[in-house]
Amino acid sequence: MCGIVGIVGNQPVSERLVNALRRLEYRGYDSAGVATIEGGALRRRRAEGKLVNLETKLKEEPLPGAIGIAHTRWATHGAPTERNAHPHFTDGVAVVHNGIIENFAEIKDELIATGAEFQTETDTEVVAQLVAKYRRDGMGRWQAMHAMLKRVRGAYALAVLFEDDPSTIMAARNGPPLAIGHGNGEMFLGSDAIALAPFTNEITYLIDGDWAVIGTTGVHIFDIDGNIATRPRQVSMAAAYLVDKGNHRHFMEKEIYEQPEVVAHALGQYVNFIDNRAAPSSNIDFAKMPSLAISACGTAYLAGLIGKYWFERYARLPVEIDVASEFRYREIPLSPQSAALFISQSGETADTLASLRYCKEHGLKIGAVVNTRESTIARESDAVFPILAGPEIGVASTKAFTCQLAVLAALAIGAGRARGTVNEEEEQVLVRSLAEMPRIMGQVLNSIQPKIELLSRELSKCRDVLYLGRGTSFPLAMEGALKLKEISYIHAEGYAAGELKHGPIALIDENMPVIVIAPHDRFFDKTVSNMQEVAARGGRIILITDGRGAAVSKLDTMHTIVLPDVDEIIAPMIFSLPVQLLAYHTAVLLGADVDQPRNLAKSVTVE
Ligand code: G6P
């Protein structure tokens, strides 16, 4: 989840390294650092906190040099201090690392026994110390790198500089992604192609077990046994995307407002609006499979939960779903006739990838619902369903969520047709609803802001907030709570409305707002009963409903947000909008760092 970048250049690199780091800051922002070689000496600047602190430092003390590596950190081992910030230096070896060296404690003990002195509390320092030791033992640079890779266990994307070789960066990958960029007389290295987009769009991805020796004019790639490996050079789409905030204060706000456009774009790939048919063409045949497994993390998991309701309802296809960190260890009995879907914005989440590999070992067909088509999850899948949301920079996922939902809805309808559980007429009705969705999203975004801002003022004074929903509004309630807690730091819980009386009702008093997500659907009356239970105990209800719901509910609510009446299949996407905006405006009022909330990172490449 840290971001790493490197340049083997023919002109100064430190400013360019920092610019590339800015594009990787979504991976972590606890500290940052850069190292270069100039005049035969390794030098570095490091700073605690956001990248801007490193930039300030570099202005005061510039770092010359035409070769360098840099890092933005999401701390795993050791506090996010300057001392623990990468690059780590040991005897002429500099290292930046993304991942976790699992056997670092054992290696550290061994090295200390032979006299090594450690300067940090990180797992990464063992990499620098090991390579330095192998060099002292007489090994050449390549040999020392290879010997180190044979010794460490765990997940890593690594970049290594040697003081006695100012023209080469060595890199290695096992787990977290690593892209090598081919430039004009210069070569680049980065955690993703977006970081390298200003420099080049010609990319070679390393695969697990690979290590590479990168010079100014090219790269030699080897597998873990030291054999020469050939990896394709491809043209990355990343450069096509503009990564800026436009007229918005935050990326999150921009991404919320982009939803009508990106959702329309995503739907266009999965739905034929001329004859109103869901047209997901893929090599996954939903027709005969006994069940479907879905696994993901965070917001992507909650999209998957909504997908489960749709696959079960429209395609009568039983769905086994769990968060990836549990899924991978549950030893779920899986049938090779089944398929598995993995949902991931980044396509790199370590637990999701591990669940994918587990299912692959069990012979299941693998589908990936991803935003990053060049990602590991996409590459290891039999069928890729891109969500086409464009780069999502805000750590709190918004547009990726609704695009994931749009794709899952289309897949569920297509599966229903394939399984004979949705007839042509039903399919056309459902697809027509999907086609309406971008327009309604635009209408909602244009109208609800004043109400949301008013409400956010109330929420910003609360310590706890409860979100309730039934059916597909239950995962959405969890998503609402997740959004609020991750960016505003207000404690929030999402519950199935029917579970209220089994515990959370004990918390209800006049201080705790209860946000009820209740479109006028099949469950509306039941949810209203649950709201009565809240009202009877003095709880303050914020009802998010539609015109029909507002007309029939006789409840005394603190606030009611009224959305347009929409068909059930698109309600989760439409109701996502107030949920996202509420979290956003509350966090802004509280002065929180909306795009980079504390302790979080967007791409989680460690377990
Ligand atoms: C992190 C992010 C979330 C995201 C989750 C899964 O926790 O902060 O926004 O939902 O990872 O990430 P993925 O890239 O697999 O969708």
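**Exercises on strand order, helix packing and backbone geometry**

Ile-294 has Leu-341 of strand 19 opposite it, and this pair opens the first exercise. The model is predicted, so that local features require pLDDT of at least 70 and side-chain atom pairs count only at pLDDT 80 or more, whereas totals for chains, interfaces and linings use all residues. Residues are numbered from 1 along each chain as its sequence is written, and side-chain values rest on heavy atoms, with hydrogens and water left out.

**Exercise 1.** Determine the order of the strands in the open sheet that contains strand 19, and state which strands are its edges.

*Solution.* Begin with strand 17 (residues 292-296) and strand 19 (residues 339-344), which pair in the parallel sense over 5 bridges. Strands here are DSSP runs of E with at least two residues, helices are runs of H or I with at least four, and both are numbered from the N terminus; two strands pair if DSSP finds at least two bridges between them. Extending the pairing gives an open sheet of 5 strands in the order 18-17-19-20-21, with parallel pairing. Strand 18 (319-323) and strand 21 (383-386) are the edge strands, each pairing on one side only. From one strand to the next, the twist averages 20°, where axes are lines fitted to C-alpha atoms (for helices over the stretch in contact) and angles between N-to-C directions run from 0 to 180 degrees. Finally, helix 13 (residues 399-418) lies across strand 19, strand 20 (365-370) and strand 21, at about 160° to strand 19; contact means heavy atoms within 4.5 Å.

**Exercise 2.** Work out how the axes of helix 9 and helix 16 are arranged, and which residues meet.

*Solution.* The axes of helix 9 (residues 298-315) and helix 16 (residues 473-488) come within 9 Å and cross at roughly 170°. Helix 9 is therefore roughly antiparallel to helix 16, given that angles over 145 degrees count as roughly antiparallel, under 35 as roughly parallel, 65 to 115 as roughly perpendicular and the rest as oblique. On the helix 9 side, the residues in the contact include Leu-302, Leu-305, Ile-306 and Tyr-309, while those of helix 16 include Phe-474, Leu-476, Met-478 and Leu-482. Sorted by class, the contact has 9 nonpolar, 2 polar and 2 charged residues.

**Exercise 3.** Establish the order of the open sheet that contains strand 22 and strand 24, and locate its edges.

*Solution.* Strand 22 (residues 464-469) and strand 24 (residues 513-517) run parallel and are joined by 4 bridges; Tyr-467 has Ile-515 in strand 24 as its bridge partner. The full open sheet has 5 strands in the order 23-22-24-25-26, again with parallel pairing. Strand 23 (491-496) and strand 26 (559-563) stand at the edges with a single partner strand each, so one side of each lacks a neighbour in the sheet. Its twist averages 15° from one strand to the next. Helix 15 (residues 449-459) lies across strand 22, strand 24, strand 25 (540-546) and strand 26, running at about 145° to strand 26.

**Exercise 4.** Locate the cis peptide bond, and find the loop that holds Arg-316.

*Solution.* His-86 and Pro-87 are joined by a cis peptide bond with omega of about -5°, and Pro-87 lies in the loop between strand 4 (67-73) and strand 5 (88-90). Arg-316, although not a glycine, has a positive phi of about 50°, and Arg-316 belongs to the loop between helix 9 and strand 18.

Notes. Nonpolar A, V, L, I, M, F, W, Y, C, P; charged D, E, K, R; others polar.
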